[in-house]
Amino acid sequence: MLWSSTRIHGQSKIFALVLGVVFAMHLILQSASETYRDSTKFPEWVDQVSDTYQDLYFSSPSSQCHVLSPKSTTNTTLSQTEDPKFSSPQSPPPRKANATLIMLARNKEIYQAISSVKHMEDRFNRALPSPYPWIFLNEEPFTEEFKERIRDVVSGEVEFGLIPKEHWFQPEDIDEKRAYRGRWELIMKGIIYADSVSYRNMCRFNSGFFYRHELLQKYKWYWRVEPNVKFFCDLDYDPFLFMEDNKKEYGFTITMEEFEPTIRSLWPTVKQFMADHPEYIAPDNAMKFISHNNGDTYNLCHFWSNFEIASLDFYRSEAYTSYFKTLDETGNFYYERWGDAPVHSIAASLFLNKSQIHFFSDVGYRHEPFQHCPQGVENERGKCSCDPDDNYDYTGASCLSRWEDVFR
Ligand SMILES: Nc1nc2c(ncn2[C@@H]2O[C@H](COP(=O)(O)OP(=O)(O)O)[C@@H](O)[C@H]2O)c(=O)[nH]1
Ligand SMILES: [Mg+2]
């Protein structure tokens with residue numbers, strides 16, 4: 001035993017000596033020869049594995065990393081658990097609503113569309129861990145130029161859809177002579193878009209067809225964006241998730257009164273519908289917003305529908321489907337000039353409980369010629385770029401005080 005252990009001890013000494021000589025030679029050659037250094041260094045993947053290993057196992061849970069947060073386009077910190085880069089296979093992906101941003105546009109509005117997209121991306125969408133997709137709709141195919149330029153500015157997915165002819169154009173059964181007379185009546189009264197058939201196509205499409213487009217079928221929520229609108233404030237939360245979590249169905253930023261001659265027979269039609277379908281009227285509805293006399297007459301108030309964050313299921317409901325069918329059968333989208341704003345607003349005010357409608361007071365928004373600019377703390381929190389004194393809320397034909405009365 002003694003013999004053998006002495007022998008092993010001697011062998012170890014020799015082995016250690018040889019190893020030391022080899023290592024010393026390695027160090028000398030490394031410092032002297034670049035070729036030798038390159039040919040003996042570890043491959044890059046070994047470094048990457050080592051970095052990841054260190055990130056996963058040696059970072060403290062409270063350590064922070066700098067990424068763009070949904071709050072703003074400036075750099076802020078998120079904990080590693082919120083950053084997808086650090087998620088382990090077990091951690092759930094960041095929460096997101098089943099929602100899309102949607103814009104109806106014409107090819108000639110390309111630069112106005114790009115401008116709105118930039119506003120939306122910079123104030124909200126781009127900084128999200130997983131940005132919301134866009135859908136663009138048109139009754140004519142979008143040009144390659146339109147599609148390419150839009151693809152350049154969106155941060156997530158984008159789809160371009162063609163509107164089916166039967167969802168857009170004036171139906172065959174509309175009496176064109178009567179429609180022509182209706183247009184003249186509004187022209188004589190100096191009403192905006194009085195002579196425009198395409199405007200009427202658009203209003204009818206936005207009233208009863210946009211949510212039926214095949215590209216929207218997979219979604220539950222939409223945010224309507226028009227060409228040439230502006231968003232002034234950073235949004236530090238996800239408004240779709242806000243809607244979902246707070247059981248909201250319809251959201252707005254600006255309210256106003258409609259031009260009466262464009263909807264002369266809308267309220268009588270709605271009254272008849274209410275009488276025929278009392279089952280669709282919500283028990284705690286917002287009738288007070290649209291009527292000063294509990295439904296006898298319409299006060300012309302509506303949510304300005306060029307901005308909407310709303311549930312597509314609201315439009316897919318039996319109540320709304322039946323309501324739109326009744327309105328459309330009158331032909332008055334063409335004989336008069338019924339707008340999608342009063343059509344949506346009346347439905348929301350009657351079929352939803354008032355708590356399901358939300359005023360996005362913190363969203364700074366402009367659609368010419370009016371804007372909503374958040375006031376006070378909301379303006380500061382959103383780092384808004386609008387003038388708080390340039391605010392439509394309680395001026396002109398705004399109906400915001402009517403909206404507030406609903407909750408008094
Ligand atoms: N594809 C298409 N979009 C239209 C047409 N007319 C209006 N729009 C879109 O419908 C929305 C409302 O139209 P706009 O001209 O802004 O009307 P306003 O906001 O009521 O003054 C915008 O998104 C327009 O781009 C049209 O003939 N074709
Ligand atoms: Mg517009």
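A residue is taken as exposed if 12 or fewer other C-beta atoms lie within 10 Å of its own, and as buried if 20 or more do. By this criterion valine 377, a residue of helix H16 (residues 376-381), counts as exposed, because 9 C-beta neighbours are found inside 10 Å. The C-alpha atom of valine 377 is separated by 9.3 Å from that of aspartate 362, which is 15 residues away along the chain. These values, like those that follow, were computed from a predicted model.

Over the whole chain, 17 helices and 14 strands were assigned, and buried residues make up 33% of the 408 residues. Among the contacts with a separation of 6 or more, 78% are accounted for by residues 24 or more positions apart.

Seven of the strands form an open sheet with mixed pairing, in which the order is S5-S4-S3-S6-S11-S8-S12. Strand S5 (158-162) and strand S12 (357-359) are the edge strands of this sheet, each of them pairing on one side only. On average, and with direction ignored, neighbouring strands of the sheet are turned by 20 degrees against each other. In general, the strands of a sheet pair through backbone hydrogen bonds, in either a parallel or an antiparallel manner.

Within this sheet, strand S3 (residues 99-104) runs parallel to strand S4 (residues 134-138), to which it is joined by four bridges, and methionine 103 stands opposite phenylalanine 136 in S4. The pairing of S3 with strand S6 (residues 221-224) is likewise in the parallel sense and extends over four bridges, with leucine 101 standing opposite tryptophan 223 in S6. Strand S3 is largely enclosed by the rest of the structure, because six of its six residues are buried. Both faces of S3 are covered, with Ala99, Leu101 and Met103 buried on one side and Thr100, Ile102 and Leu104 buried on the other.

The pairing turns antiparallel at strand S11 (residues 308-311), which is joined to S6 over four bridges; here the bridge partner of arginine 224 is glutamate 308. Strand S8 (residues 250-252) also pairs with S11 in the antiparallel sense, over two bridges, and the bridge partner of glycine 251 in S11 is isoleucine 309. As in S3, both faces of S11 are covered: Glu308 and Ala310 are buried on one side, and Ile309 and Ser311 are buried on the other.

Glutamate 308 deserves separate description, since an unreviewed UniProt entry lists Glu308 under "active site". With 22 other C-beta atoms within 10 Å, glutamate 308 reaches the cut-off of 20 or more and is therefore buried. When its neighbours within four places in sequence are left aside, glutamate 308 is in contact with Arg224, Gly251 and Phe252. Of these contacts, Arg224 is also the bridge partner of glutamate 308, whereas Gly251 has isoleucine 309 as its bridge partner in S11.

Ligand 1 is surrounded by Leu104, Ala105, Arg106, Glu109, Asn138, Glu139, Ser198, Tyr199, Met202, Glu226, Pro227 and Asn306. By class, this shell has five nonpolar, three polar and four charged residues. The element that gives the most to the shell around ligand 1 is helix H8 (residues 197-208), with three residues. Leu104, which is listed in the shell, is also one of the buried residues of S3.

A further open sheet consists of three strands in the order S7-S13-S14, with antiparallel pairing. Strand S7 (230-231) and strand S14 (370-372) stand at the edges with a single partner strand each, so one side of each is left without a neighbour in the sheet. Strand S13 (residues 365-367) pairs with S14 in the antiparallel sense over three bridges, and tyrosine 365 stands opposite histidine 372 in S14.

Terms used
Residues numbered from 1 in each chain as written. Chains lettered and ligands numbered in written order. Predicted model: local features only at pLDDT ≥ 70, side-chain atom pairs only at ≥ 80, totals over all residues. Contact = placed C-beta atoms within 7 Å. Pairing = 2+ DSSP bridges. Axes fitted to C-alpha atoms, helices over the stretch in contact; angles between N-to-C directions. Near = placed C-beta within 6 Å. Nonpolar A, V, L, I, M, F, W, Y, C, P; charged D, E, K, R; others polar.
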